[in-house]
Amino acid sequence: MDAASVSLLREMLAATEWLDRTRELGRALRATRSPGGLLVVGTPSYEPWHVTAHLADEARWSGLAQLTPTLVRWSPPEDAPDHLRVGLERLEQARRGETLFVVAEDRAPVPLLERVDDARRTGATIIALDGGDPELESLAHDALAVPADGVLTFDGAQHLVSAAAGEVRKPGLRERLARLAERITGPRIDW
């Protein structure tokens with residue numbers, strides 16, 4: 001989905017709560033403090049490659065390095081490149097300042113729930129985008145459930161969340177005028 005499609009989706013959902021909720025979740029992903037500290041994990045049957053790629057793009061385009069994701073895989077091949085060889089043991093190293101983003105349309109299996117709970121106990125922020133998994137949502141600091149029969153698809157929600165994560169707020173007129181005035185007059189110095 002390209003930027004124009006995301007924009008169209010936003011327009012279609014403007015009158016619903018989906019737009020605000022996906023923006024909140026996207027902003028919550030920014031709590032990560034360092035590049036690579038945003039850990040993205042799915043289930044054994046679903047690896048969230050697509051949202052990981054979009055978050056990497058958003059990190060580059062927005063200049064928000066903390067959005068640079070690490071895809072955590074259930075069974076990474078040994079001959080895969082380093083960035084695609086990160087296994088579940090990485091979740092055991094999750095700490096304060098890192099964010100674990102669980103993307104699971106289906107219910108999270110018990111081994112994933114246990115690892116999420118452990119990461120939460122060590123201080124990681126837990127964010128979930130799911131299909132309505134009460135156990136996963138109970139472990140998350142912030143979660144968004146996308147029902148299968150709703151107006152928004154799970155794929156569409158991933159696009160909205162990743163786009164919202166990279167949104168850089170543009171300064172308003174007052175802020176721009178204040179900066180211009182400071183450039184012209186110089187910084188204010190109190191004696």
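This briefing describes the fold, the nonpolar cores, two of the helices, one pocket and three buried residues of the protein chain. The model is predicted, and the chain in it has 191 residues, of which 45% count as buried. Its secondary structure is made up of 8 helices and 5 strands. Among contacts with a separation of 6 or more, 68% join residues that are 24 or more positions apart.

**Overall fold**

- Read from the N terminus on, the elements follow the order α-α-β-α-β-α-β-α-β-α-β-α-α.
- The accessible surface of the protein chain comes to about 10,700 Å², and carbon and sulfur atoms account for 52% of that surface.

**Nonpolar cores**

- In soluble globular proteins, nonpolar side chains tend to be buried together.
- The largest nonpolar core in this model holds 23 residues, and the members that touch the most other members are Leu-29, Leu-55, Phe-101 and Leu-129.
- Two or more residues of this core come from each of helix 2 (18-28), strand 1 (38-41), helix 3 (49-62), strand 3 (99-104), strand 4 (125-130) and helix 7 (154-165), and the largest share, 5 residues, is given by helix 7.
- If its neighbours within four places in sequence are left aside, Leu-29 is in contact with Leu-38, Leu-55, Leu-67, Thr-99, Phe-101, Ile-127, Val-161 and Ala-165.
- Apart from this core lies another one, of 21 residues, which includes Val-72, Leu-88, Ala-119 and Leu-136.

**Helix 7**

- Helix 7 has 12 residues and reaches 17 Å from its first C-alpha to its last, which is close to the 16 Å expected at 1.5 Å a residue.
- Because 11 of its 12 residues are buried, helix 7 is largely enclosed by the rest of the structure.
- The buried residues of helix 7 are Phe-154, Gly-156, Ala-157, Gln-158, His-159, Leu-160, Val-161, Ser-162, Ala-163, Ala-164 and Ala-165, a list that holds polar names such as Gln-158 and His-159.

**Helix 3 and the second largest pocket**

- Helix 3 has 14 residues, and the distance from its first C-alpha to its last is 20 Å, close to the 20 Å expected at 1.5 Å a residue.
- Its buried residues are Val-51, Thr-52, His-54, Leu-55, Asp-57, Glu-58, Ala-59 and Ser-62, and these buried residues pack against strand 1, strand 2, strand 3 and helix 7.
- Just after helix 3 comes Gly-63, which takes a positive phi of about 80°.
- The second largest pocket has a volume of about 180 Å³, and its lining consists of Trp-49, Thr-52, Ala-53, Ala-56, Pro-69, Thr-70, Leu-71, His-83, Leu-84 and Val-86.
- Helix 3 and strand 2 (69-72) are the elements that give two or more residues to this lining, and the largest share of the lining, 4 residues, comes from helix 3.
- Thr-52 therefore appears both among the buried residues of helix 3 and in the lining of the second largest pocket.**Three buried residues**

- Thr-22 lies in helix 2 and is buried, with a relative accessible area of 1%.
- Residues up to four places away in sequence not being counted, Thr-22 touches Leu-144, Leu-152, Ala-157, Leu-160, Val-161 and Ala-164.
- Gly-37 lies in the loop between helix 2 and strand 1, and this glycine is buried, with a relative accessible area of 1%.
- Gly-37 and Thr-70 are 33 residues apart in sequence, while their C-alpha atoms are 7.0 Å apart in space.
- Gly-37 also touches Thr-32, Thr-68, Glu-98 and Thr-99, when residues up to four places away in sequence are not counted.
- Ala-124 lies in the loop between helix 5 (110-121) and strand 4 and is buried, with a relative accessible area of 1%.
- The C-alpha atoms of Ala-124 and Ala-94 are separated by 6.0 Å, although the two residues are 30 residues apart along the chain.
- Leaving aside its neighbours within four places in sequence, Ala-124 is in contact with Ala-94, Arg-95, Arg-96, Glu-98, Ala-119 and His-141.

Note on methods. Residues numbered from 1 in each chain as written. Predicted model: local features only at pLDDT ≥ 70, side-chain atom pairs only at ≥ 80, totals over all residues. Heavy atoms only, no water. Buried < 20%, exposed > 50% of the residue type's maximum accessible area, 1.4 Å probe, protein only. Contact = heavy atoms within 4.5 Å. Areas by Shrake-Rupley, 256 points an atom, 1.4 Å probe, with all protein chains shown as cover. Core = buried A, V, L, I, M, F, W, Y, C linked by side-chain atoms within 4.5 Å. Expected span 1.5 Å × (residues − 1). 1 Å grid on protein atoms, 1.4 Å probe; cavity = no way out; pocket = protein on both sides within 12 Å on 5 of 7 lines; lining within 4 Å. Points joined across faces, edges and corners; volume = space filled by probe spheres on them.
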